[in-house]
Amino acid sequence: MGIVGSGPAGIYAADLLTKNETLAAEGLPVSIDILEKLPTPYGLVRYGVAPDHPRIKQIQGALHKILDKPGIRFLGNVEYGVDLKLEDLRRHYDAVIFATGSDRDRPLDIPGADLPGSHGAADFVFWYDSHPDVSSSWRVDGSSVAVIGAGNVAVDVARILAKNADDLLDTDITDNVHEGLRAKKITDVHVFARRGIAQAKFTPMELRELDKQPGVEVIVHPEDFELDDDSLAAIEESNQVKTNVKVLQNWAIRDPRGEERRLHLHFLHSPVAILGQDRVSGLRTERMEPAGGGRVRGTGEFVDHEVQAVYRAIGYLGSPAAGLPFDEEQGVVPNDGGRVLDLDEQPIPGVYATGWIKRGPVGLIGHTKGDALETVGNLVADRASFAPAPDPDPVSFLRLLEERHVPYTTWEGWQRLEAHEESLGEPHGRKRIKVRSRDEMVRIARGESG
Ligand code: NAP
């Protein structure tokens with residue numbers, strides 16, 4: 001089997017394939033290649049989870065155990081669509097699962113969204129997580145900045161913007177990120193949610209964490225707390241909503257602490273324009289009011305906020321995979337329970353999807369397991385319907401990569417790179433410091449001298 005993408009979605013699918021009782025009962029040896037365009041495994045755990053979330057990063061330990069299993073082979077620095085096409089995968093694998101995730105920002109279609117100083121959250125997250133394919137420099141401009149969105153990504157971005165750069169020195173951040181964040185002069189971060197407090201998508205733990213940053217206090221505005229009957233019902237029905245609302249209400253009635261930086265949470269403000277001539281100088285929002293069923297409607301009242309940068313955290317989108325249909329609006333590969341569908345909505349034999357490229361960027365990392373269960377279950381149920389690979393020999397696949405001069409990395413190579421990153425961290429009492437350059441990662445992983 002071939003799996004494209006080594007984030008949690010791809011790795012969980014691999015795990016389930018190796019443990020599948022039907023395949024085991026048939027005595028079929030399951031051999032899996034996980035192909036990854038980056039030289040390193042773990043996808044968004046390495047390049048999406050914020051550096052100050054070590055608890056979530058620990059998932060890497062569980063993923064490591066899976067990649068360490070016999071029968072699973074990690075091949076990094078191999079880009080589907082560039083180094084390999086669908087025909088190549090079909091030649092070497094009986095079935096292929098796409099687990100390529102969501103790697104770009106959903107566009108915000110309002111005037112000024114393309115002004116300098118208007119940033120997609122994905123780009124900022126990739127930068128602070130030292131993704132090898134984004135520029136190492138980022139000017140974290142402004143004293144007042146806006147973050148649009150009320151999900152956990154908006155919360156991550158707002159927290160990093162408000163936080164003391166030195167408080168990240170116990171994480172795996174690289175020097176360029178530390179220096180970029182140290183240079184910031186931000187005193188006020190304004191987060192804008194278009195709906196009300198009962199419709200916010202962030203989770204309570206992440207919300208509370210905002211107020212625990214040294215030197216930062218969260219400010220909320222009671223006039224934003226309008227709750228209609230449906231919002232009250234939503235509070236009753238969901239513990240998450242109940243806790244979020246309680247936390248926010250408690251913040252609304254306390255006295256300000258007078259911290260040096262403030263993180264303002266605004267609700268019922270929908271962005272209508274990013275203002276500025278040559279670069280961002282403000283954000284215009286429309287006041288919204290509850291309209292039943294969790295929806296909101298505009299009140300016709302507009303507010304201009306003076307900010308020097310805007311971070312758009314309104315959700316991610318997947319990217320098209322060469323040779324497969326793509327749903328541009330949802331940013332997913334069209335599928336039915338993970339069975340990838342052609343333009344006539346018929347399953348393409350032997351081609352599957354799992355994770356965010358299958359169902360969109362919703363849910364926490366753990367939710368990807370249930371998703372993989374469905375995809376793998378369908379793949380196993382369908383196995384009689386797809387033709388076996390003409391050339392399943394694992395060595396012959398490596399030969400193909402070599403013929404195409406693809407400098408691929410391996411599981412052993414990743415472990416070498418990981419040991420190197422740990423050795424960079426050790427003198428500073430840090431668990432690891434990431435290597436940022438792709439060339440350097442490849443060189444270390446391939447054991448080549450520099
Ligand atoms: P999300 O949870 O879907 O939140 C997107 C936010 O953007 C929503 O508040 C949404 O508002 C808003 N939005 C969408 N379009 C908008 C528009 N045109 N104008 C204004 N606001 C708009 O997505 P996410 O924050 O990108 O997170 C993706 C997933 O990753 C989530 O499941 C999240 O929990 C998870 N995640 C988890 C963690 C963690 O556990 N620490 C960290 C990061 C991400 P509406 O609700 O009104 O549409």
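This dialogue reads two groups of strands in a predicted model.

Me: Where do the side chains of a regular strand point, in general, and which residues of strand β7 lie on one side and which on the other?

Reply: In a regular strand the side chains alternate between the two faces of the sheet. In β7, Ser144, Ala146 and Ile148 lie on one side while Val145 and Val147 lie on the other, and these residues are all buried, so that both faces of the strand are covered.

Me: Why can β7 be called largely enclosed by the rest of the structure?

Reply: Buried here means under 20% relative accessible area, and because five of the five residues of β7, which spans residues 144-148, are buried, the strand is largely enclosed by the rest of the structure.

Me: Which strands pair with β7, and in which sense, parallel or antiparallel?

Reply: Strand β8, residues 188-192, runs parallel to β7 and is joined to it by five bridges, with serine 144 standing opposite aspartate 188 of β8. Strand β14, residues 309-312, also pairs with β7 in the parallel sense, over four bridges, and there alanine 146 has valine 310 as its bridge partner.

Me: What is the strand order in the open sheet of three strands, and which are its edge strands?

Reply: The order is β11-β12-β13, with antiparallel pairing, and the edge strands are β11 (269-275) and β13 (296-306), each of which pairs on one side only. Neighbouring strands of this sheet are turned by 25 degrees against each other on average, with direction ignored.

Me: How many bridges join β11 and β12?

Reply: Six bridges connect β11 with β12, residues 282-290, in the antiparallel sense, and serine 270 stands opposite glutamate 286 of β12.

Notes
Residues are numbered from 1 along each chain as its sequence is written. This is a predicted model: local features need pLDDT of at least 70, side-chain atom pairs count only at pLDDT 80 or more; totals for chains, interfaces and linings use all residues. Side-chain values use heavy atoms; hydrogens and water are left out. Buried means under 20% relative accessible area, exposed over 50%, partly exposed in between (1.4 Å probe, protein chains only). Helices (H or I, at least four residues) and strands (E, at least two) are DSSP runs, numbered from the N terminus. Two strands pair if DSSP finds at least two bridges between them. Axes are lines fitted to C-alpha atoms, for helices over the stretch in contact, and angles run from 0 to 180 degrees between N-to-C directions.
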